[in-house]
Amino acid sequence: MEDEADDSGIPATVLDAYKQAESRLARSNPGCNLEWELLAAIGRVESGHARGGDVTADGTTRNPILGPVLNGNGFANITDTDGGEYDGDTSHDRAVGPMQFIPSTWATWGTDGNDDGQRNPDNIYDAALAAGRYLCAGGRDLSSQADLEAAILGYNQSESYLRTVLTWYDFYKEGGADAVPDGTGADPGDRSDGINTPSPSPTPSDSDKPGKGGDKKDDDKGGGKGGGDPTPGPTPPPGGDEDPGQPAPTIADLRVASPQSATAYTGADFAERPKVRGVTSRGAGVSGKTVTFTISGQTGAVFAGGGKTASVTTNSSGYATAPVVKAGQLAGDFTIRATTGRGVSPVDFAAAVEASYGLARVGDGALKAAAGGEFGAVEAKVTYRGGPAAEAPVTAAMVTAAGEQNDKGPYFADAEGNPVRKLNLTTLADGTVKLPVIHAGDEAGTFLLLLTTSEGVTLTLELTVE
């Protein structure tokens, strides 16, 4: 049995092909964030890096690497699509080459990776670049765990295949890979097509290897690569998919799975719900674990149901989503913290509650007038949740510093010219309210004008009589 040092070796030409594919896709599709380690993980599982690097100098396999005949006998039933051009079979298709493409899929995704003018699924440069393009399809961002898992499942619709590829992916990312001479790499083991595929340390259980486990056929080449274009979006694993007799996985890390900041108006519900994913140290989702969300702050925000604490069980993919958060009637900032078992760092989500109604002056010049004169036009605007509040009642009153109605200083005038120091007004369609002429009066000093909406929102303006 090979040791871990042997496991880390990748034949030099094959490793170069993986890295060249990463480099080319970084230029042509930078948003995908494809890493060569993912291609290496898939190449290891699919063909043992082209059967230990059994390739020519240009990267072409010396001997055909063919998957099982897809005749419906334990596998998908795919009638011949290439006239036997790639797989030599004129009755049914077979997966071809070091990255194991179905001929019909190669017809769509085949690529010239070594610039020799040919698209050859038996060439590791062509196959690695084609596999990278396939994994990036649909606008996927492989730095996202959900898109990463969707891409792998698109390659082979099998949970055990997903786990095995992720294990190798982590293995190469954590330890890198040593280039070894072509033809000296390790062959794969336990493959359905007779090829050997050993697993890296730590070793997955037998049910985690392609061709084993409870699926009818985990290594079904009729899904993913054989089915045409991949479908973006994660495929949650079925419940109870853990290996029998193995210790239950635990959450090693909580990862953010939703925006970490949100805003809502008073009296409304937050549109975003805090969401986290509990994962193992290798990034696999952990189901059936409790995540507690706690609201802290003085805004009055609560979860649906009225409490400030809510416990949620992670789903089959490890995700936990907090209940709807109700903003309450008090504006301000607060925090929602997600926590789980000991030793796991919490995740904080910032939230803010903004007043539904706003009241602000239009213009910012000082309000000054000479004794016996008049103030310039005074205008304010009432808003509701960011838009104009039409036909909204507004009271305008001259008040003292104590908030009581003032009986001296500036005033409005009624039809007969008599002083009036309190008026009930209504906003226009654009939310503005234009106050009638304000007379300065004969007494010099600073006076207060208080505007109040029917919801109790206030605005105090200073009137200076000189």
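A residue counts as buried when its relative accessible area is under 20%, and by that criterion 47% of the 466 residues of the chain are buried in this predicted model.

**View 1. The chain as a whole, in which seven helices accompany 23 strands.** Among contacts in the chain between residues at least 6 apart in sequence, 65% join residues that lie at least 24 apart. The views that follow take up helix 5, one residue within it, the nonpolar cores, helix 6 and an open sheet.

**View 2. Helix 5, residues 124-136, and its surroundings.** The 13 residues of helix 5 reach 18 Å from the first C-alpha to the last, which is close to the 18 Å expected at 1.5 Å a residue. Because 12 of these 13 residues are buried, helix 5 is largely enclosed by the rest of the structure. The buried residues are Ile124, Tyr125, Asp126, Ala127, Ala128, Leu129, Ala130, Ala131, Gly132, Tyr134, Leu135 and Cys136, and what covers them includes helix 2 (12-28), helix 3 (36-53), helix 4 (103-109) and helix 6 (145-155).

**View 3. The two ends of helix 5, with Asn123 at its start and Gly138 just after it.** At the start, a side-chain oxygen of Asn123 comes to within 2.9 Å of the backbone nitrogen of Tyr125. Just after the helix, Gly138 adopts a positive phi of about 75 degrees.

**View 4. Leu135, a residue of helix 5, and its contacts.** Leu135 has a relative accessibility of 0% and therefore counts as buried. When neighbours within four places in sequence are set aside, Leu135 is in contact with Leu34, Leu38, Leu39, Ile42, Arg140, Leu142, Ala151, Ile152 and Tyr155. Leu153 lies 18 residues away from Leu135 along the chain, and the C-alpha atoms of these two residues are separated by 9.6 Å.

**View 5. The largest nonpolar core, a set of 48 residues.** The residues with the most contacts inside this core are Tyr18, Leu34, Leu38, Met99, Leu135 and Tyr155. Two or more residues are given to the core by each of helix 2, helix 3, helix 4, helix 5, helix 6 and helix 7 (159-175), and of these helix 5 gives the most, with 10 residues. A second core, separate from the largest one, has 26 residues, including Phe293, Ala322, Ala327 and Val344.

**View 6. Helix 6, which is mostly covered.** In helix 6, 11 of 11 residues are buried, and they run through Gln145, Ala146, Asp147, Leu148, Glu149, Ala150, Ala151, Ile152, Leu153, Gly154 and Tyr155. Helices and strands both take part in the covering, which includes helix 3, helix 5 and helix 7 together with strand 3 (253-256), strand 5 (275-279) and strand 9 (319-321).

**View 7. An open sheet of five strands in the order 4-12-11-6-8.** The pairing in this sheet is mixed, and its edges are formed by strand 4 (261-265) and strand 8 (309-313), each of which pairs on one side only. From one strand to the next, the twist averages 20 degrees. Within the sheet, strand 6 (residues 290-296) and strand 11 (residues 332-339) run antiparallel and are joined by five bridges, and Ile295 stands opposite Ile336 of strand 11.

How values were computed:
Residues are numbered from 1 along each chain as its sequence is written. This is a predicted model: local features need pLDDT of at least 70, side-chain atom pairs count only at pLDDT 80 or more; totals for chains, interfaces and linings use all residues. Side-chain values use heavy atoms; hydrogens and water are left out. Helices (H or I, at least four residues) and strands (E, at least two) are DSSP runs, numbered from the N terminus. The expected span of a helix is 1.5 Å times one less than its number of residues. Buried means under 20% relative accessible area, exposed over 50%, partly exposed in between (1.4 Å probe, protein chains only). Contact means heavy atoms within 4.5 Å. A polar contact is a pair of N or O atoms within 3.5 Å; within protein, one must be able to donate a hydrogen and the other to accept it, and residues adjacent in sequence count only if both atoms are side-chain atoms. A nonpolar core is a set of buried Ala, Val, Leu, Ile, Met, Phe, Trp, Tyr and Cys residues joined through side-chain atoms within 4.5 Å. Two strands pair if DSSP finds at least two bridges between them. Axes are lines fitted to C-alpha atoms, for helices over the stretch in contact, and angles run from 0 to 180 degrees between N-to-C directions.
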